[in-house]
Amino acid sequence: MRDERGRYTATKRIEDVVPSWAAGCDACTNGIVLAPELTGAVSLYLERLVQAIDGDVTFCTCRAGVAYRSSLLNRRQEILERARREAKGSMISTGTEIDTARVAIHAAQARNTPTVHEGERVPA
């Protein structure tokens with residue numbers, strides 16, 4: 001429920017809203033076996049979507065992993081179809097939000113990658 005300002009007055013715990021199988025199995029966490037660290041450069045779903053498209057995420061074969069992978073692939077298709085509709089009749093292709101997110105993620109990763117500067121010793 002919400003009050004007069006639109007704030008939630010009563011909230012449920014996430015465990016009460018999401019089905020128990022969505023937490024994954026003993027081999028995974030929420031359907032993911034292995035994935036790169038999140039950069040926070042874009043929203044969680046968009047960053048995981050880019051990682052999944054690029055083959056950086058290993059999904060579990062349990063119900064949670066199959067559902068997560070399927071959900072991301074469906075979202076990708078929606079984004080591509082929307083981009084096609086928006087580009088129809090336009091002479092300029094601006095790419096999709098997936099492309100924009102990929103650039104932002106790579107930039108954040110580059111900022112977080114340590115570099116070796118001239119004159120500094122590299123640990124053996």
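Here are a few friendly notes on this predicted model, from the overall fold down to one helix.

1. Let's start with the architecture. The protein chain has four helices and two strands, and along the sequence they come in the order α-β-α-β-α-α.

2. Next, burial and surface. Of the 124 residues in the protein chain, 19% are buried. The accessible surface is about 9600 Å², and carbon and sulfur atoms supply 53% of that area.

3. On contacts, take those in the protein chain with a separation of 6 or more: 50% of them join residues 24 or more positions apart.

4. You may enjoy the aromatic detail. The structure holds one aromatic pair, formed by Phe-59 and Tyr-68. Their ring centres are 5.7 Å apart and the planes meet at 70°, so the pair counts as edge-to-face, the class for angles over 60 degrees. Phe-59 has a relative accessible area of 17%, which means that this residue is buried, as the cut-off is under 20%.

5. Helix H4 deserves a closer look. It runs over residues 97-112, 16 residues in total, and spans 22 Å from first C-alpha to last, close to the 22 Å expected at 1.5 Å a residue.

6. Which residues of H4 are buried? They are Ile-98, Ala-101, Ile-105 and Ala-108. These four lie on the same side of H4, because they cover an arc of only 90° around the axis. Their cover includes helix H2 (44-53) and helix H3 (63-87). On the other side of H4, the exposed residues are Thr-100, Val-103, Ala-110 and Arg-111.

Definitions and conventions. Residues numbered from 1 in each chain as written. Predicted model: local features only at pLDDT ≥ 70, side-chain atom pairs only at ≥ 80, totals over all residues. Heavy atoms only, no water. Buried < 20%, exposed > 50% of the residue type's maximum accessible area, 1.4 Å probe, protein only. Contact = heavy atoms within 4.5 Å. Areas by Shrake-Rupley, 256 points an atom, 1.4 Å probe, with all protein chains shown as cover. Phe/Tyr/Trp six-rings, centres within 6.5 Å; stacked < 30°, edge-to-face > 60°. Expected span 1.5 Å × (residues − 1). Arc of directions from axis to C-beta.
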